[in-house]
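Below is a briefing on one protein chain, grouped by topic. Please read it alongside the sequence and the coordinates.

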Amino acid sequence: CLKTNFYWHGREWQYKNIKPRVMAEKYLEDQSTPGAQMIDYKFFCFDGEPGFLYVSQGFENPHSARVSFLTLDWQKADFQRTDYKKFDKIPPAPSGLEEMKYVSRELSRGIPFVRVDLYQVNGQVLFSELTFTPCGGYMTFDNPTSDLMLGNMINLPEKMP
């Protein structure tokens, strides 16, 4: 993997000039629900405003993984991904949802589009990553009008800095 330039896999420009490295992070486990799979909270942000999010769980096994898109009011969105099963029952909103929205706003300010990925572990909101091209731009939706709706949420500048 250290000899692989991931730019060449999906043409995701942000990886082009990155020197491969090995990174280690602290293992996270939510003590409030020992043994439970962690839930990812992924906020799709447009110039500093989260538009919607998806919750995901179980990515260590693609057959049991679940992904559901939600509004910021924690309601099911009108669209879903086609590559993963959705949750049968949406997990309860995290106690840190308002803090997550705030963090997403702050981290995405001035960026036309970025996905802000967060966790809540032991009652604390934690940062995971910023994702500029989810699925390399090839995420498929069950509602054919979703691509246009989401594309219309992006306000690109005339010239990038």
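**Strands, pockets and cysteines**

Strands E4 and E5 pair in the antiparallel sense, with seven bridges between them. The model is a predicted one, and its chain has an average pLDDT of 89. The points below cover confidence, strand pairing, burial, pockets, cysteines and one loop residue.

**Confidence**

- A pLDDT of at least 70 is reached by 98% of the residues of the protein chain.
- Helix H2 (residues 97-108) has the highest mean pLDDT among the elements, at 98.
- The lowest mean pLDDT among the elements, 78, belongs to H1.

**Strand pairing**

- In the pairing of E4 with E5, Val 116 stands opposite Leu 130 of E5.
- E4 and E5 form a hairpin with two residues between the strands, and Asn 122 takes a positive phi near 50° there.
- E4 also pairs with E1: the two run antiparallel and are joined by five bridges.
- Across the E1 and E4 pairing, Tyr 41 stands opposite Leu 118, and Lys 42 stands opposite Asp 117.
- E1 pairs with strand E2 (residues 49-57) as well, in the antiparallel sense and over eight bridges.
- Tyr 41 has a bridge partner in E2 too, namely Val 55.
- The hairpin of E1 and E2 has two residues between the strands, and Asp 47 in this turn has a positive phi of about 50°.

**Burial of E1 and E4**

- E1 is largely enclosed by the rest of the structure, because eight of its eight residues are buried.
- One side of E1 carries Ile 39, Tyr 41, Phe 43 and Cys 45, and the other carries Asp 40, Lys 42, Phe 44 and Phe 46; all are buried, and both faces are covered.
- E4 is likewise mostly covered, with eight of its eight residues buried.
- On one side of E4 the buried residues are Val 114, Val 116, Leu 118 and Gln 120.
- On the other side of E4 they are Arg 115, Asp 117, Tyr 119 and Val 121, so that both faces of the strand are covered.
- The charged pair named above is part of this picture: Lys 42 of E1 is buried, and so is Asp 117 of E4.

**Largest pocket**

- The largest pocket holds about 790 Å³ of space.
- Its lining has 30 residues, and those nearest the centre are Phe 6, Tyr 15, Ile 18, Met 23 and Glu 129.
- Strand E5 (residues 124-131) supplies the largest share of this lining, with four residues.
- By class, the lining of the largest pocket comprises 15 nonpolar, seven polar and eight charged residues.

**Second largest pocket**

- The volume of the second largest pocket is about 490 Å³.
- It is lined by 22 residues, and Glu 25, Leu 28, Met 38, Asp 40 and Tyr 119 are the closest to its centre.
- Two or more lining residues come from each of E1, strand E4 (114-121) and E5.
- E5 gives the most to the lining of the second largest pocket, again with four residues.
- This lining divides into eight nonpolar, five polar and nine charged residues.
- Two of the residues closest to the centre of the second largest pocket, Asp 40 and Tyr 119, belong to the covered strands: Asp 40 is buried in E1 and Tyr 119 is buried in E4.

**Cysteines**

- How many disulfides does the structure hold? It holds zero.
- Cys 45 is in no disulfide, and the nearest cysteine sulfur to it is that of Cys 135, 16 Å away.
- A disulfide needs two cysteine sulfur atoms within 2.5 Å, so the 16 Å from the sulfur of Cys 135 to that of Cys 45 is too far for a bond.
- Is Cys 45 buried or exposed? Cys 45 counts as buried because its relative accessible area is 0%.
- Cys 135 has 37% relative accessibility and therefore counts as partly exposed.

**Tyr 27**

- The loop between helix H1 (7-10) and strand E1 (39-46) contains Tyr 27.
- Tyr 27 counts as exposed because its relative accessibility is 67%, where the cut-off is over 50%.
- From Tyr 27 to Lys 86 the separation is 59 residues in sequence and 26 Å in space, C-alpha to C-alpha.

Notes
Residues numbered from 1 in each chain as written. Predicted model: local features only at pLDDT ≥ 70, side-chain atom pairs only at ≥ 80, totals over all residues. Heavy atoms only, no water. Buried < 20%, exposed > 50% of the residue type's maximum accessible area, 1.4 Å probe, protein only. 1 Å grid on protein atoms, 1.4 Å probe; cavity = no way out; pocket = protein on both sides within 12 Å on 5 of 7 lines; lining within 4 Å. Points joined across faces, edges and corners; volume = space filled by probe spheres on them. Nonpolar A, V, L, I, M, F, W, Y, C, P; charged D, E, K, R; others polar. pLDDT = per-residue confidence, 0-100. Pairing = 2+ DSSP bridges.
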